[in-house]
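These notebook entries record what I looked up in the structure. They are arranged by topic.

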Amino acid sequence: MEFTRKNRQLLSRIATNDRHGENSPYFDGWKAYDSNPFHPIHNPDGVIQMGLAENPLCFDLIEKWIRENPDASICTAEGLDKFKDIAIYQDYHGLREFREAVAKFMGRVGGNRVTFDPNRIVMSGGATGANETAIFCLADPGDAFLVPSPYYAGFARDLRWRTGVEIVPVHCKSSNNFRITRAALEEAYEKAQRSNINIKGVIITNPSNPLGTVLDKETLRSLVSFVTDKKIHLVSDEIYAATVFSSPRFISVAEVMQDMDCNRDLIHIVYSLSKDMGFPGFRVGIVYSFNDDVTNCARKMSSFGLVSSQTQFLLASMLSDDEFVGNFLRESSKRLAKRHHVFTKGLEEVGISTIKSNAGLFFWMDMRPLLKEQTTKAETELWRVIINKVKLNVSPGSSFLCSEPGWFRICFANMDDKTVEVALDRIREFVLQGKEENNHEADKSQARAQRWRKQNLRLSFSSSRLYDESLMSPHMISPHSPIPHSPLVRART
Amino acid sequence: MAIEIEKPSSVRLSKVAISKTHGEDSPYFAGWKAYDENPYDEIHNQSGVIQMGLAENQVSFDLLEKYLEEHHEVSSWGKGAPGFRENALFQDYHGLKSFRQAMANFMEQIRGGKAKFDPDRIVLTAGATAANELLTFILADPGDALLVPTPYYPGFDRDLRWRTGVKIVPIHCNSSNNFQITPEALEAAYQSAESMDLKVRGILITNPSNPLGSTIQSSVLNDILDFAAHKNIHLVSDEIYSGSTFSPSEFVSIAEILRNRNYKDAERVHIVYSLSKDLGLPGFRVGTIYSYNDDVVTTARRMSSFTLISSQTQHLLACMLSNHEFTQNYIKTNRERLNKRYDMIIQGLKKAGIECLKGNAGLFCWMNLSPLLNEPTRQGELELWNIILNQVKLNISPGSSCHCSEPGWFRVCFANMSEQTLRVALQRIHKFMEQRKVCSVNQ
């Protein structure tokens with residue numbers, strides 16, 4: 001459209017800046033997957049999606065529950081009498097039963113060491129909406145939040161885009177397993193102060209995305225005392241809490257607060273059912289604040305992203321079923337543990353190490369030995385090789401703002417067992433080939449240079465489909481879409 | 001309800017959090033409080049407050065329930081829950097294609113086929129509340145202004161201004177011409193904004209109008225669009241009551257105007273729609289933005305990440321709204337029933353000596369009580385409102401909360417209750433008016 005340039009001047013700064021984050025290389029991998037998606041039968045040479053942190057391992061349990069509880073749906077014969085009341089219910093407090101069920105679930109996930117108050121449960125449009133809402137309540141445009149890196153790539157959009165708030169990364173290092181140290185926080189804080197950046201708080205993700213590790217009590221206490229000292233906020237994004245599958249156990253910031261001298265008004269939790277239960281489509285985000293004013297404000301803001309009352313009703317019923325919940329949490333842990341184990345062994349066999357993890361839906365893989373040089377550029381080159389040659393969509397550490405090049409996040413839960421084997425085979429082959437090449441380096445240096453050059457070409461495919469720029473534009477792709485051809489998605493007909 | 005607690009030692013929250021722009025301190029909501037504390041019930045609390053401040057559509061639920069009875073297998077994943085997993089995983093901000101298709105068809109049907117909608121231009125949001133806010137984020141910068149004709153939906157103060165930092169400059173309309181928007185009023189509003197050093201980015205109209213309960217005429221729509229083009233600003237048309245017009249021929253959508261103009265100036269036009277009013281499903285949070293501007297569609301879609309519609313609900317409604325027979329019948333029957341309700345309340349008010357603005361749409365009527373005011377001021381209006389709330393026990397919405405420039409007008413909702421309750425409400429009004437006649441005679 002010729003209007004386009006003139007058009008863009010007609011839109012706001014928010015609409016025309018890049019803070020939606022979709023131009024990040026993080027999404028190039030998705031584009032590769034989307035144009036050549038793996039399918040065990042129809043496209044066995046396609047790209048395997050390992051960049052999507054989804055948790056579909058226990059759907060059979062949920063489907064069984066739905067079959068056995070038709071009255072949890074307002075559309076079935078058994079539930080139809082509730083239809084009208086639920087359909088008109090738009091109160092931003094949310095259905096009482098829903099809040100109670102979610103509060104109970106959060107408590108169970110934390111090992112029942114904390115009781116969550118249903119009156120502090122505030123809804124939002126998924127964790128995406130919850131994080132944004134928290135920032136809107138706590139910070140003004142131009143303020144900043146400290147975020148330990150590596151961190152979820154989506155924070156760039158969720159915390160910054162419409163709020164106008166900045167992120168100041170607190171770089172964590174592999175030398176101590178990426179632990180968040182008081183010293184690192186202090187240093188980042190002081191540096192920001194010197195640059196006249198107003199720090200309003202810290203955001204942590206516990207369990208961590210992308211590390212897959214839980215924060216220990218000491219670190220949590222240190223964070224709580226840090227924010228109390230500085231009089232800034234602490235937002236704890238705990239959306240992976242129930243993906244912990246082995247010890248050490250998950251400790252919520254709520255638990256740590258219980259026996260600490262701290263300012264409770266500074267502590268806020270973000271929760272969601274997208275990862276723990278595998279329901280990203282249902283958009284269940286929760287803001288849980290210990291600060292009354294924030295709770296009230298977030299609740300008013302929830303008008304912009306309420307959970308569908310139909311969904312509230314279903315989940316109120318499901319999550320109140322103690323027996324189901326207990327069984328689900330146990331099974332989910334077991335299956336995640338098993339999957340994690342298969343992958344760990346597979347990677348160990350070829351000498352790829354990962355951060356020792358016990359949670360999350362992914363590994364934080366150490367590919368530094370495979371880098372030509374320890375730079376982001378080399379990491380990006382390696383990444384393109386992994387996508388184009390090995391045909392795995394993995395996420396490069398740089399998209400998580402990791403300060404050390406060479407780390408990659410690889411998701412392991414969003415595929416079936418067969419695909420896991422294929423993925424591991426490909427990794428094995430790639431690493432072994434790499435070793436072979438190293439052995440013949442002197443002789444084959446020229447040939448290899450040629451190969452690197454070829455591999456560095458943008459997104460070349462073995463399939464016959466041409467790389468069509470307009471098809472690949474971010475306009476077409478949602479960062480969170482399970483692409484229709486994914487082997488995980490059952491055919492509709 | 002929110003009570004601000006002074007906590008001297010607490011860390012300051014954001015300016016947005018501290019501001020009152022959420023608007024909940026308005027009398028609009030105080031009435032609801034009175035209702036919450038003493039709600040009318042046909043059987044258990046016949047002297048309670050009748051809620052007439054809530055623009056909900058409860059007259060056609062039986063049609064929805066009948067559809068579900070006959071099709072529950074399709075809409076609720078059916079026996080064995082096939083498709084559940086795929087549905088629960090679906091978080092693509094493009095939205096279910098089948099749902100967008102169904103929405104496009106539904107919107108076309110409401111407009112009697114006089115406009116066509118492309119499903120790929122439909123962006124989904126959790127309710128019209130989110131849609132209006134989202135558009136504002138996209139079309140205006142903090143400190144800029146949107147022009148909005150008065151009287152307008154009180155919620156706009158929050159939806160358009162609160163987190164966006166954008167201002168509303170009213171386009172004053174008055175009863176001398178049935179509150180129609182005139183080119184003079186548009187220009188006056190624009191000048192007013194300029195004099196305050198505010199950059200106007202767009203106009204937001206609601207058609208059919210809330211609270212007037214009437215549709216905007218074709219010629220006026222053309223004037224507004226010409227004005228927007230002339231000033232090089234946007235036009236947002238909130239058409240959430242489009243399926244609630246009593247007669248299909250009386251509603252003209254901006255989409256139709258565009259079609260008739262061969263889509264000249266289309267890139268500045270954006271339509272907001274929702275199923276909260278027409279289908280009576282506010283709890284499901286189904287809002288849409290339909291924009292003729294590619295950049296707006298792309299950006300709105302990205303932004304909808306903060307406010308997607310539950311895939312469970314998209315699935316249900318995709319089934320329901322794809323059923324052509326159902327939607328045709330629903331639209332037709334819903335219109336007839338709303339019309340009947342409207343006639344009922346107008347006659348009832350007339351008998352009590354009360355006039356209303358001539359309406360042809362919506363879930364409410366715009367009642368003129370200015371003859372009853374002690375003084376023709378906002379204060380006078382609020383005093384009268386208090387009496388109606390606490391003595392007559394009806395929660396109706398004072399015009400001042402809708403920013404009406406003339407005191408004495410009230411919005412009265414009629415679709416969120418049974419016919420019996422409406423009759424009771426009309427009896428109370430009748431009695432109240434009788435008592436006042438007696439009082440004034442005796443003075």
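The entries below cover the annotated domain, the chain contact, helix packing and the backbone.

**Entry 1: model and annotation.** I note at the outset that the model is predicted. I then consulted UniProt, whose unreviewed entry places the feature "domain: Aminotransferase class I/classII large" at residues 48-427 of chain A. For that span I looked up the composition, which is 41% helix and 16% strand. The end C-alpha atoms of residues 48-427 of chain A lie 11 Å apart.

**Entry 2: contact between the chains.** I asked how many residues each chain gives to the contact. Chain A contributes 91 residues, and chain B contributes 85 residues. The size of an interface is often expressed as the accessible area lost when the parts come together. I therefore looked up the area buried between chain A and chain B, which is about 8,200 Å². Carbon and sulfur atoms give 57% of this area. Which three residues supply more than any others of the area that chain A buries against chain B? They are Leu10(A), Arg162(A) and Phe304(A), which together supply 10% of it.

**Entry 3: α3 and α15 of chain A.** I looked up the packing of helix α3 (residues 28-35) against helix α15 (residues 376-390), both in chain A. Their axes are 10 Å apart and the angle is about 10 degrees, so α3(A) is roughly parallel to α15(A). The crossing of these two helices is right-handed. On the α3(A) side the contact is made by Asp28(A), Gly29(A) and Ala32(A), and on the α15(A) side by Trp383(A), Arg384(A) and Ile387(A). I recorded the classes in this contact as 3 nonpolar, 1 polar and 2 charged residues.

**Entry 4: α4 and α13 of chain A.** Are these two helices parallel or perpendicular? Helix α4 (residues 59-68) and helix α13 (residues 309-320) of chain A pack at about 105 degrees, with axes 11 Å apart. The angle falls within the range of 65 to 115 degrees, and α4(A) and α13(A) are therefore roughly perpendicular to each other. From α4(A), the contact takes Ile62(A), Trp65(A) and Ile66(A); from α13(A), it takes Leu314(A), Ser317(A) and Met318(A). I found 5 nonpolar residues, 1 polar residue and no charged residue in the contact of α4(A) with α13(A).

**Entry 5: α9 and α10 of chain A.** I next looked up helix α9 (residues 182-194) of chain A, whose axis comes within 10 Å of that of α10(A) and crosses it at roughly 30 degrees. The two helices are therefore roughly parallel, and α9(A) passes α10(A) in a right-handed crossing. The contact residues of α9(A) are Arg182(A), Leu185(A), Glu186(A), Tyr189(A) and Glu190(A). Those of α10(A) are Ser222(A), Leu223(A), Ser225(A), Phe226(A), Asp229(A) and Lys230(A). By class, the contact of α9(A) with α10(A) has 4 nonpolar, 2 polar and 5 charged residues.

**Entry 6: backbone.** Where are cis peptide bonds found? One joins Ser149(A) and Pro150(A), with omega about 0 degrees. Pro150(A) lies in the loop between β3 (144-149) and α8 (155-158) of chain A. Another joins Asn209(A) and Pro210(A), with omega about 20 degrees. Pro210(A) is in the loop between β5 (199-205) and α10 (217-230) of chain A. In chain B, I looked up Asn178(B), a residue other than glycine with a positive phi near 60 degrees. Asn178(B) lies in the loop between β4 (167-171) and α8 (183-195) of chain B.

Definitions and conventions. Residues numbered from 1 in each chain as written. Chains lettered and ligands numbered in written order. Predicted model: local features only at pLDDT ≥ 70, side-chain atom pairs only at ≥ 80, totals over all residues. Heavy atoms only, no water. Axes fitted to C-alpha atoms, helices over the stretch in contact; angles between N-to-C directions. Helix = DSSP H or I, 4+ residues; strand = E, 2+ residues; numbered from the N terminus. Parallel < 35°, antiparallel > 145°, perpendicular 65-115°, else oblique. Left-handed = near helix turned anticlockwise from the far one by under 90°. Contact = heavy atoms within 4.5 Å. Nonpolar A, V, L, I, M, F, W, Y, C, P; charged D, E, K, R; others polar. UniProt positions renumbered as here; feature names shortened; annotations may be inferred. Buried area = accessible area lost by both parts, 1.4 Å probe.
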